[in-house]
Amino acid sequence: MADKYTPQTIETKWQRRWDDDKLYRSTVDWNKPKHYALTMLPYPSGDLHIGHWFAMTPSDARARYMRMKGYNVMFPMGFDAFGLPAENAAVQRNIHPKTWTYANMERMRKQLRSMGAMFDWEREAVSCDPSYYKWTEWFFKIFYDNDLAYRGEALVNWSPTLQTVLANEQVIDGKDERTGQPVVQKLMTQWFFRYRRYADELLDFSKMDWPEPVKIMQENWIGRSEGARIIFKTEAGDPIEVFTTRPDTVWGATFMVLAPEHPLVAKITTNAQRKDINAYVERVARETELERTAEDREKTGIFTGGYAINPVNQARIPIWIADYVLISYGTGAIMAVPSGDQRDFEFARKFGLEIVPVVQPDDQPALDGETMEAAWDGAGVMINSGPLNGIRANGEKGRKNPSIAAAIDHLEALSAGKEAVNYRLRDWLISRQRYWGSPIPIIHCADGTLEAVPDSQLPVVLPDDVEFMPTGRSPLTYYEPFLNTVDSEGRPAKRETDTMDTFMCSSWYHLRYLSPKYDRAPFDPEEAAYWLPVDTYTGGAEHATMHLLYTRWFNKAIRDLEVFDNAREIAAGHGRAVDGLFDEPMLQMRNQGQILGEERDGDVVVASGRVDGNKLFADYVEVIERDQAETIRGQKPDAVVGQIKKRTENLLQIDDGGDNLRTVEVVAGATVVIPSIPGENNVNQLRQHLDVQRMSKSKGNVVNPDELVAQYGADTVRAYLMFGFDWSKGGPWNSQQISGVVRWINDIWEICTAEPPQGAGDPDTERMIERRMHQTIAKVGEGLESFSFNTTIAALMAFRNDLKAAIRDDKLSEAAWRDALKQMLLLMAPIAPHITEELWEHLGFPYSIHQQSWPVYDAEKAKSETTTLVIMKNGKPVGHIEVPVDIEAEAAQQAALASDAAKRFLNGGKAKKVVFVPGRNGMEPKVNIVV
RNA sequence: GCCGGAGUGGCGAAAUGGCAGACGCGAUUGACUCAAAAUCAAUUGUCCGCAAGGGCGUGUGGGUUCGACUCCCACCUCCGGCACCA
């Protein structure tokens with residue numbers, strides 16, 4: 001008997017060997033077809049969790065498979081290292097974001113190595129490294145120089161208490177999560193990219209093999225609509241532009257609604273209405289966009305006192321403001337046609353505004369604005385619409401609808417409007433009022449003009465020696481050495497203190513991987529010419545409309561700025577077809593689901609200390625039994641007692657039984673008592689409540705892959721993640737079900753390390769094993785290609801079962817045994833890279849298994865001679881008979897009708913119909929007898 | 001609310017419109033053992049039946065089809081996203 005299976009020693013041994021031999025170093029080789037496999041890079045939150053393994057190891061298995069199929073495969077890894085959590089650590093634990101981030105990356109690199117993935121670490125890219133963000137800044141500059149970057153106004157979450165901008169995540173129920181103080185929406189001048197300029201090209205998915213839902217979501221996100229822009233005028237003559245998809249209904253526009261933030265609101269508002277208007281504007285500033293646009297909500301609004309003139313019929317119509325009109329969509333103003341739009345209808349009914357029907361639906365009594373019960377946006381004939389009367393509204397969009405075409409022509413003749421396309425998509429707001437992000441290389445000169453930092457001075461480096469204020473305000477705004485600079489003339493000037501959205505960094509990381517140390521351009525064109533575009537991209541579907549759309553925009557923008565031109569020329573020189581080669585960054589995209597954990601209650605605690613406003617600064621926190629909460633609450637009225645619903649660093653949100661959660665900040669040096677955890681306790685050991693827990697960086701994670709690897713080995717963890725879930729779906733973690741995979745891996749070890757069989761072998765069994773072998777080759781290959789990892793492993797397990805039985809019964813010769821093991825190890829190599837390498841060596845095959853070719857499927861060998869014919873009665877199986885595989889319809893039908901099963905239910909009677917279904921793709925043939 | 005997705009045994013799941021539950025977990029029985037674990041052998045959707053056999057079954061209700069987990073319509077529940085978490 002050979003050695004016991006000890007994954008811990010085997011795995012580190014081979015990882016070191018592969019490293020030493022640079023087995024996964026991917027270099028340009030024009031003699032081989034390339035495959036760029038990419039999986040979304042992690043945020044360095046501190047610890048790799050099982051979700052990272054779930055995302056990365058199946059992708060690795062597939063990349064390894066492609067390699068064995070003969071491709072030159074590049075599979076890089078890096079870190080998306082800028083972002084909010086690092087600043088939270090700085091504010092709450094007084095650790096510099098850089099220190100925190102780099103320490104986390106160091107730990108995560110080790111953990112990533114334990115996966116045994118084929119990452120090429122020489123290609124590692126780290127977005128917070130100056131050598132990386134130099135080029136992020138450079139990209140900003142070329143956008144700026146080419147009118148793709150501009151300054152505009154946008155709403156931010158503003159905490160008047162902290163005088164700081166907050167992330168959406170930091171706002172809970174309209175309040176700042178740290179202080180519990182209200183947050184308002186405030187307009188601020190910020191940087192944008194012209195995202196919308198590419199809206200139409202982004203709607204073209206023809207060059208991409210992406211999941212249908214992702215494409216649909218992107219299409220809806222972009223939200224292209226055809227219609228017209230129409231200019232209304234106030235009585236004072238100020239123009240109010242609106243966009244509408246139904247310009248034909250303009251005769252029914254009986255009032256206008258402006259977004260409360262619309263610049264004309266102050267001017268239009270009459271003195272009598274001013275007080276109400278101001279109060280309403282203030283109220284709306286506290287609402288989120290989601291709340292404002294929820295269609296099930298009771299409409300609210302206020303009359304400004306002002307009137308506009310309808311350009312087609314000169315009607316004097318009141319101007320209102322309402323929260324359901326957003327300043328960020330369209331023009332921030334609408335013409336309200338209550339007879340044709342349900343939201344406008346509800347608004348008009350609620351506030352007693354006039355309703356004029358303009359489209360008369362067919363076969364219905366004449367509409368009356370006084371009595372109609374809902375808006376009509378369907379087909380019909382135009383009425384009450386001057387020159388449009390009698391024209392058909394056919395329900396189509398844009399000019400395909402005669403009434404819309406007529407309306408556009410009429411408006412254009414009047415110079416009151418123009419045909420137009422509108423997008424729901426907004427330009428990309430890239431400004432963040434934060435420290436830990438890529439600086440924006442812009443200088444504000446004393447005279448108010450802007451200058452880009454010269455290329456020679458890039459990157460603008462984030463200063464290290466800054467202090468973080470507890471407000472969370474970016475130190476860049478008050479750190480003088482950074483702030484003060486000079487312009488190109490040497491005059492004193494100020495640096496831009498906004499940094500860039502981290503989506504900017506992650507929009508081009510796949511390019512930095514090409515040549516992370518290259519310093520003459522963002523990437524080496526020689527590498528790009530060979531490797532681009534990404535062939536297979538894997539990641540979560542939660543990125544469907546943001547990251548995945550930003551990265552497409554980025555790619556198209558830099559393509560048009562000639563960033564790929566050198567690479568294109570080199571590629572053409574090597575005979576690659578370069579037409580449209582750089583139009584899309586990722587050709588194939590597949591989503592994996594998320595690994596969830598079981599629902600878990602948070603600790604119930606008693607927290608006491610100093611109360612400040614709604615917030616408790618606790619210097620003492622003790623975990624108590626759930627049933628004690630009520631009693632202790634009575635005894636200690638000043639303390640906060642309840643379950644921890646959320647914890648971010650040292651900030652707790654506690655459910656104390658009241659209507660709102662209580663915020664508790666555990667001060668530095670506080671005493672934390674957790675009876676179930678011996679020794680001294682700290683705030684990080686407090687457990688928060690987790691609803692069918694989603695494992696993400698912002699939450700504590702119960703499943704630690706390191707422990708699993710220590711217990712079972714990386715190969716088993718990899719295989720379990722591939723076997724136990726539908727990869728596209730994910731699901732809750734289950735620690736029990738891993739044992740099936742443990743048994744499988746152990747079986748493989750025992751089969752391969754056993755003494756070879758001595759017998760002569762049984763030809764029938766050997767033929768059966770050969771057949772199953774080839775069926776398995778087909779299934780494993782198909783499974784890996786289609787990301788059906790669970791069926792891949794199921795096929796390998798089934799083969800193991802056959803093989804075990806044949807060995808047990810001593811039906812295999814040594815040659816047949818050896819061939820079966822060889823093929824099986826090759827098929828398993830992408831999934832379990834370490835054990836297969838070890839057993840490959842043990843069986844005397846040459847190093848490395850990962851440099852071997854994929855077994856070749858032979859359809860003839862996979863075929864069997866007979867098959868089961870399924871006999872069905874009205875579509876339900878009632879019996880089986882053995883028939884030759886290639887049986888024809890006639891013979892099958894006769895055999896079926898003659899079978900015992902058919903005789904039983906036919907009773908000598910006649911079948912109404914007999915349907916033959918030939919056996920395809922390994923499925924049995926069927927005969928359906930209809931009676 | 002809007003957009004997208006998912007609902008199948010006790011559990012994870014499988015199934016180009018063609019035998020629903022492959023492959024596993026768990027459970028039950030047996031073998032080995034003083035015993036347990038491990039391992040091996042067998043059973044395992046559910047109901048009726050001694051059995052042969054039959055009825056019912058893929059969230060709910062309808063429809064298309066010789067045949068529906070799969071396609072269509074309506075609904076329910078859960079998950080992801082909604083532009084400053086990444």
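**Helix packing, sheets and the surface around RNA strand B**

In helix α23, Glu766, Ile769, Met773, Thr776, Ile777 and Val780 meet Ala816, Ala820, Gln823, Met824 and Leu827 of helix α25, where contact means heavy atoms within 4.5 Å. By class, this contact of α23 with α25 has eight nonpolar, two polar and one charged residues. Here Ala, Val, Leu, Ile, Met, Phe, Trp, Tyr, Cys and Pro count as nonpolar, Asp, Glu, Lys and Arg as charged, and the others, Gly among them, as polar. The structure is a predicted model, in which local features need pLDDT of at least 70 and side-chain atom pairs count only at pLDDT 80 or more, while totals for chains, interfaces and linings use all residues. Residues are numbered from 1 along each chain as its sequence is written, chains are lettered from A and ligands numbered from 1 in the order in which they are written, and side-chain values use heavy atoms, with hydrogens and water left out. Helices (H or I, at least four residues) and strands (E, at least two) are DSSP runs, numbered from the N terminus.

The axes of α23 (residues 763-785) and α25 (residues 814-828) come within 11 Å and cross at roughly 10°. Axes are lines fitted to C-alpha atoms, for helices over the stretch in contact, and angles run from 0 to 180 degrees between N-to-C directions. Helices α23 and α25 are therefore roughly parallel to each other; angles under 35 degrees count as roughly parallel, over 145 as roughly antiparallel, 65 to 115 as roughly perpendicular and the rest as oblique.

A second helix pair is formed by α21 (residues 714-723) and α26 (residues 833-842), which pack at an angle of about 125° with their axes 7 Å apart. These two helices, α21 and α26, are therefore oblique to each other. The residues that meet are Ala714, Asp715 and Arg718 in α21 and Pro833, His834 and Ile835 in α26. This contact of α21 with α26 comprises three nonpolar, one polar and two charged residues.

RNA strand B has 74 residues around it, of which Asp80, Arg434, Gly724, Arg743 and Lys926 come nearest; a residue is near a molecule or strand if one of its heavy atoms lies within 4 Å of it. The residues of this surface divide into 26 nonpolar, 25 polar and 23 charged. Helix α24 (residues 789-808) supplies the largest share of the surface, eight residues. On the RNA side, 68% of the atoms of strand B within 4 Å of the protein belong to sugar or phosphate, and the rest to bases.

Several polar contacts to RNA strand B involve side chains; a polar contact is a pair of N or O atoms within 3.5 Å, and within protein one must be able to donate a hydrogen and the other to accept it, with residues adjacent in sequence counting only if both atoms are side-chain atoms. For Lys804, a polar side-chain atom lies 2.5 Å from a phosphate oxygen of RNA strand B. An N or O atom in the side chain of Arg800 is 2.8 Å from a phosphate oxygen of the strand. Ser739 places a polar side-chain atom 3.2 Å from a sugar or linking oxygen of RNA strand B.

An open sheet consists of four strands in the order β6-β5-β9-β20, with antiparallel pairing; two strands pair if DSSP finds at least two bridges between them. Strands β6 (164-166) and β20 (428-429) stand at the edges, each with a single partner strand, so one side of each is left without a neighbour in the sheet. Strand β5 (residues 149-159) is joined to strand β9 (residues 184-193) by 10 bridges, and Leu155 has Leu187 in β9 as its bridge partner. Helix α5 (residues 130-145) lies across β5 and β9 and runs at about 85° to β9.

Another open sheet has three strands in the order β16-β17-β18, again with antiparallel pairing. Its edges are β16 (359-360) and β18 (392-393), each with a single partner strand, so one side of each is left without a neighbour in the sheet. Two bridges join β17 (residues 380-382) to β18, and Val381 stands opposite Arg392 in β18.

Phe905 lies in helix α29 (residues 900-906). Leaving aside its neighbours within four places in sequence, Phe905 is in contact with Lys873, Val878, Ile929 and Val931. Phe905 and Lys873 are 32 residues apart in sequence and 8.2 Å apart in space, C-alpha to C-alpha.

Some local backbone features fall in loops. The peptide bond from Leu458 to Pro459 is cis, with omega near 0°, and Pro459 is found in the loop between β23 (450-452) and α13 (480-483). Gln314, in the loop between β13 (302-309) and β14 (316-321), has a positive phi of about 60° although it is not a glycine.
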